[in-house]
Amino acid sequence: VSKQVLEQVLRELQPLCTAEQQFIEKFFQLSQDATELQALEVSVRTMSSPGQCPSPFNWLPFFFFFLRLEEPTTQLLSEIFSCLEPELRGFLEVCSKVHPFSCLQVLVTLSDSIFEMLGSSSTLCSSFLNTVLGNMRFLAKSRFNKCIETLCKEIEEAKMPSKMKDRILPSVSLFEEFVNFSEEVFRTARQRGDLHEAHLRLASSVFSSINSLSSANLKVNTDMVMMENFHHIHCFLCQKKIHCLEGKKREAKQKYSEHMEKYVKYLGQPLEKLNHFFEGVKARVAQGVKEEEVSFQLAYSKQELRKVIEKYPGKEVKGALETLYRKIHKDLSPEENLLPVVWHAMEQEFIRQYQEFEDLIQHCYAGSGIAMDFTMEELLSYFNSITLSN
């Protein structure tokens with residue numbers, strides 16, 4: 001509404017001010033005299049002889065001649081339209097109270113109007129109106145900067161919900177609301193420099209807001225919440241395709257991948273005792289024990305390894321994976337649709353662990369005939385079966 005009202009006001013002001021300026025110049029004989037101007041131009045050229053560096057003072061006659069024509073016109077128009085600038089300022093105040101983001105609409109409307117007036121060769125522009133609108137644009141830009149500053153502070157200082165029922169943080173939702181609104185306002189704008197700068201500032205603030213979760217005392221896993229929020233921002237930026245935020249889009253993808261990796265590790269290891277056993281084996285090798293001598297260590301003997309492996313028959317492993325799937329399903333919010341992605345990451349991590357176990361058995365327990373109770377093919381079938389059944 002503020003945009004439509006302001007556009008209507010400007011459409012009516014431009015011909016009014018231009019007509020009034022033309023009338024004043026004609027009535028008070030303030031219009032430029034072509035003969036006098038031509039004579040002045042000849043005198044200026046004479047004063048600046050060829051080969052001589054022209055002095056700024058040589059142009060003073062032309063400058064004062066222009067002022068003599070301009071100043072009385074502007075002064076008279078300022079008296080006639082003395083209420084114009086205060087009324088426009090009042091309109092900006094009302095717009096700010098109606099909607100916190102209305103300064104964007106005002107800024108775009110004023111910028112486009114000034115750009116159109118100055119770029120039009122067919123329309124005689126009122127220098128007085130240009131000055132007034134320039135002042136209003138400066139005020140609107142100031143309000144815009146203040147709005148962005150307030151929004152950045154609100155995003156960075158937003159308190160985390162205690163129960164986290166909605167996994168997407170309020171700061172992320174606020175960022176999305178502003179981007180959606182501003183992109184619609186600036187959709188046909190001639191200049192977007194102010195908006196690009198604002199987008200980058202707000203994106204940095206919302207990233208800081210998510211990163212601050214690492215020190216928050218949440219009742220749910222922190223990496224899971226950070227993963228979901230960075231994933232949400234990445235999907236949003238992919239959808240919007242805003243050129244200045246391409247770097248932030250890549251950063252969001254990197255962040256969500258990092259926190260997904262941490263979340264997968266947090267989920268635990270269904271083969272916990274096997275992991276603990278082989279971590280000990282790796283530690284001994286790292287301390288200098290030869291691989292072929294590890295099995296002579298009492299705690300890591302062949303007998304101890306067989307005992308641990310016996311605790312993880314294929315049936316038990318599949319059951320543990322089913323329990324893990326249910327936990328992931330319960331943890332993740334359905335809106336982000338990250339369950340298939342996280343489950344696939346869990347599968348890759350499990351495969352990596354299995355291959356590592358087999359490799360350690362081959363190098364440290366060579367010729368013992370010891371092997372895992374389930375094969376790689378069976379492991380993959382467990383994951384496939386769980387995925388299909390859900």
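What follows is a chat between a biologist and a modeller about a predicted model.

Biologist: Let's start broad: how many helices and how many strands does the protein chain have?

Modeller: Keep in mind that this is a predicted model. The chain has 390 residues, and 42% of them count as buried. As for secondary structure, the strand count is zero and the helix count is 15.

Biologist: Of the contacts in the protein chain with a separation of 6 or more, what share comes from residues 24 or more positions apart?

Modeller: One example of a contact across the sequence is His199 with Ile242. For the chain, counting contacts with a separation of 6 or more, the share from residues 24 or more positions apart is 77%.

Biologist: Is His199 buried or exposed?

Modeller: His199 sits in helix H8, which covers residues 193-211. Its contacts, apart from neighbours within four places in sequence, include Phe175, Phe178, Val179 and Leu245. Buried means under 20% relative accessible area. His199 has 0% relative accessibility, so it counts as buried.

Biologist: Phe175 came up there. How are the rings of Phe175 and Phe236 arranged?

Modeller: This is one of 14 aromatic pairs found in the whole structure. The ring centres of Phe175 and Phe236 are 6.4 Å apart, and the planes stand at 70°. Planes over 60 degrees apart count as edge-to-face. Since 70° is the angle here, the Phe175 and Phe236 pair is edge-to-face.

Biologist: Which helices does that pair tie together?

Modeller: Both residues are buried, with Phe175 at 1% relative accessibility and Phe236 at 7%. The parts they join are 61 residues apart in sequence. Phe175 belongs to residues 170-185 and Phe236 to residues 222-240, so the helices tied together are H7 and H9.

Biologist: And how do H7 and H9 run, roughly parallel or roughly antiparallel?

Modeller: Their axes are 11 Å apart and pack at an angle of about 10°. Angles under 35 degrees count as roughly parallel. That makes the orientation of H7 to H9 roughly parallel.

Biologist: Which residues of H9 make the contact with H7?

Modeller: On the H7 side, the contact uses Val172, Phe175, Glu176, Val179 and Asn180. Phe236, from the aromatic pair with Phe175, is one of the H9 residues involved. The H9 list is Asn229, His232, Ile233, Phe236, Leu237 and Lys240.

Biologist: What about Thr222 in H9, is it buried or exposed?

Modeller: Thr222 lies in helix H9. Leaving aside neighbours within four places in sequence, it touches Leu213, Ser214 and Ala216. The cut-off for buried is under 20%. Thr222 has 19% relative accessibility, so it counts as buried.

Biologist: Moving along, which residues form one aromatic cluster with Phe277 and Phe278?

Modeller: Phe277 and Phe278 are both buried, at 6% and 1% relative accessibility. The cluster that holds these two residues is completed by Tyr300 and Phe357.

Biologist: How do the axes of H11 and H14 lie, oblique or roughly parallel?

Modeller: H11 spans residues 272-286 and H14 spans residues 339-364, and their axes come within 11 Å. Phe278 in H11 and Phe357 in H14 are among the residues that meet. The crossing is left-handed. With axes crossing at roughly 50°, H11 and H14 are therefore oblique.

Biologist: Over the face of which ring does Lys248 lie?

Modeller: A lysine counts as over a ring if its NZ is within 6 Å of the ring centre and within 35 degrees of the ring normal. Lys248 is at 5.1 Å from the ring centre, and the ring is that of Phe207.

Biologist: Now helix H13: is Ile328 buried or exposed?

Modeller: Ile328 lies in helix H13. Outside its neighbours within four places in sequence, it contacts Tyr263, Leu267, Leu339, Val342 and Trp343. Its relative accessible area is 0%, so Ile328 is buried.

Biologist: Last one: how far apart are the C-alpha atoms of Gly319 and Pro270?

Modeller: Gly319 is in helix H13, residues 314-331. With a relative accessible area of 27%, Gly319 is partly exposed. Along the chain, Gly319 and Pro270 are 49 residues apart, and their C-alpha atoms are separated by 9.4 Å.

Definitions and conventions:
Residues are numbered from 1 along each chain as its sequence is written. This is a predicted model: local features need pLDDT of at least 70, side-chain atom pairs count only at pLDDT 80 or more; totals for chains, interfaces and linings use all residues. Side-chain values use heavy atoms; hydrogens and water are left out. Helices (H or I, at least four residues) and strands (E, at least two) are DSSP runs, numbered from the N terminus. Buried means under 20% relative accessible area, exposed over 50%, partly exposed in between (1.4 Å probe, protein chains only). Contact means heavy atoms within 4.5 Å. Rings of Phe, Tyr and Trp (its six-membered ring) pair if their centres lie within 6.5 Å; planes under 30 degrees apart count as stacked, over 60 as edge-to-face and the rest as tilted. Axes are lines fitted to C-alpha atoms, for helices over the stretch in contact, and angles run from 0 to 180 degrees between N-to-C directions. Angles under 35 degrees count as roughly parallel, over 145 as roughly antiparallel, 65 to 115 as roughly perpendicular and the rest as oblique. A crossing is left-handed if the near helix is turned anticlockwise from the far one by less than a right angle, and right-handed if clockwise.
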